[in-house]
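Colleague: I would like the reasoning behind a few labels on this model. Can we take them one at a time?

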Amino acid sequence: MNVTLRGLLTYSLVGRGGDAVQVLEIAQALQNLGHNVQLLGSIPLRPYDFSTTEGRLRNLARRLPWWAKDFIELVLQWRLARMARRALAQEQFDLILHRASIYDFVGARVAKMTKVPVIAHLDAPFAIERAFHGLGYFASLHRHCMRRLGQSVRLVLTVSGASKDYYVHLGIPEEKILVMPNGIPSELLKVGVELAKVHPSCSNPQVCTIGFVGSLSRWHRVDLLLLALRELGAPRDPRWQVKIVGFGEEYHRLRAQARELGVEEIITWLGALPHDQAYREIAEFDIAILPHTLLTGAPLKLFEYAALARPTIVPDLPNLRALFSEEEMYFVEPENPKAIAKAIKDLAANPEKARRMGLKAQDRVMREYTWEKILGRVLEEVLKCK
């Protein structure tokens, strides 16, 4: 597409991990496509930065009851709406991309403030994430906001078919929803290709490093990996080493479980690292793993594992099957540590198969899952609707 657009990318409140990375990567990809993009948000985006005053305040806020945090979210949305009004009064934009939240009213307001196309980006359903945490939400307000958002904006983006079904059920018109999976920046992919050449997976028959990168949240079920290690005979079998990059609500429980299972000595807990550093750590893995995930998502880590040509073990879930084939990912029965252990043994015993799988996944990312290619397709769809 040869048209240069002036875009505004708005967000109210996003997490400090993958959510913040996603927003920044989308903005950069649009710039790489030759468009001018202005980021506008209630608070600065600083992925994996926990040391600032803002980071400490957010840590304190996490201890509040869900309804108090939701009130803060609404206040931040009100602030963003005022900021957007000022931005639209001062500058002309050709396109607005808004990352919507659980009770989003900003997207609908912005759509009324301007005649340019407004695209709402809805990640995996908030209510399903909250159910994993045992948290409540204002269901009727959420439903009302989603229906109003869908009526007001030009297009709604979401990450999977299951997510689309959820939002259609809430009242967003199906014809307005486009499934847009997550991706990886082309620059990061280039780094991954070079690192994969320097660090081919499963090249040392004496040691096999199994790795996980991501938030230690309940839905990632890293406990399944710990149970699989015991099935593998760890720590008696000296081949197995594990690296876990990330932090989250399950961190202390997982450390205690590892000690209880007797596998703590083979695990290196690296904690939350800056995104670039965490990405480079993946190159040290022989086998990457996603023990479990939500049925509605498209985890960023899968595209990063693939970009680095890591053979990857994933649960056999429809949303993941929609992204990669059996030649590109090793699918196992969900929530089955014995199946995970069997897959690890299979890949470690067949290094050529493991490397071939990683390279095929890498090729898929090159062809389909860079942010530039994904957003290029989205913009073509938007221009068609004009």
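What follows is a short exchange on the sheet, the helices, a cavity and one residue.

Modeller: One caution before we start: this is a predicted model.

Colleague: What makes strand 1 and strand 2 a pair?

Modeller: Pairing needs at least two bridges between the strands. Strand 1 and strand 2 are joined by six bridges. So they pair, and they run parallel. One position to look at is T10, which stands opposite L40 in strand 2.

Colleague: What is the strand order in the open sheet?

Modeller: The six strands come in the order 2-1-3-4-5-6, with parallel pairing.

Colleague: Why do strand 2 and strand 6 stand at the edges?

Modeller: Strand 2 and strand 6 (177-179) each have a single partner strand, so each has one side without a neighbour in the sheet. On average, neighbouring strands of this sheet are turned by 20° against each other, direction ignored.

Colleague: Which strands does helix 1 lie across?

Modeller: Helix 1 (residues 18-32) lies across strand 1, strand 2, strand 3 and strand 4 (118-121). Its angle to strand 2 is about 155°. Helix 3 (residues 66-90) lies across strand 1, strand 2 and strand 3, at about 150° to strand 2. Angles here run from 0 to 180 degrees between N-to-C directions.

Colleague: How do you know how many cavities there are of 30 Å³ or more?

Modeller: A 1.4 Å probe must fit and be unable to get out. By this rule the count is four cavities of 30 Å³ or more. The largest cavity has a volume of about 80 Å³.

Colleague: Which strands supply at least two residues each to the lining of the largest cavity?

Modeller: Strand 1 (6-11), strand 2 (36-41) and strand 3 (95-99) do. Among the lining residues are L8, L9, V37 and I96. L30 and L379 also line the largest cavity.

Colleague: How does that lining divide into nonpolar, polar and charged residues?

Modeller: Nine are nonpolar, three are polar and none is charged. G7 is in the lining, and Gly counts as polar.

Colleague: Why is L226 called buried?

Modeller: The cut-off is under 20% relative accessible area. L226 has 0%, so L226 is buried. This residue lies in helix 9 (residues 222-231).

Colleague: What is L226 in contact with, leaving aside its neighbours within four places in sequence?

Modeller: Contact means heavy atoms within 4.5 Å. L226 is in contact with L254, Q257, A258, L261, V263 and I267.

Colleague: How far is L226 from R130?

Modeller: Their C-alpha atoms are separated by 24 Å, and the two residues are 96 residues apart along the chain.

Terms used:
Residues are numbered from 1 along each chain as its sequence is written. This is a predicted model: local features need pLDDT of at least 70, side-chain atom pairs count only at pLDDT 80 or more; totals for chains, interfaces and linings use all residues. Side-chain values use heavy atoms; hydrogens and water are left out. On a 1 Å grid over the protein atoms alone, a cavity is a set of points where a 1.4 Å probe fits but cannot get out, and a pocket is an open set with protein on both sides within 12 Å along at least five of seven lines; lining residues have an atom within 4 Å of a point. Grid points are joined across faces, edges and corners, and a volume is the space filled by probe spheres set on the points. Helices (H or I, at least four residues) and strands (E, at least two) are DSSP runs, numbered from the N terminus. Buried means under 20% relative accessible area, exposed over 50%, partly exposed in between (1.4 Å probe, protein chains only).
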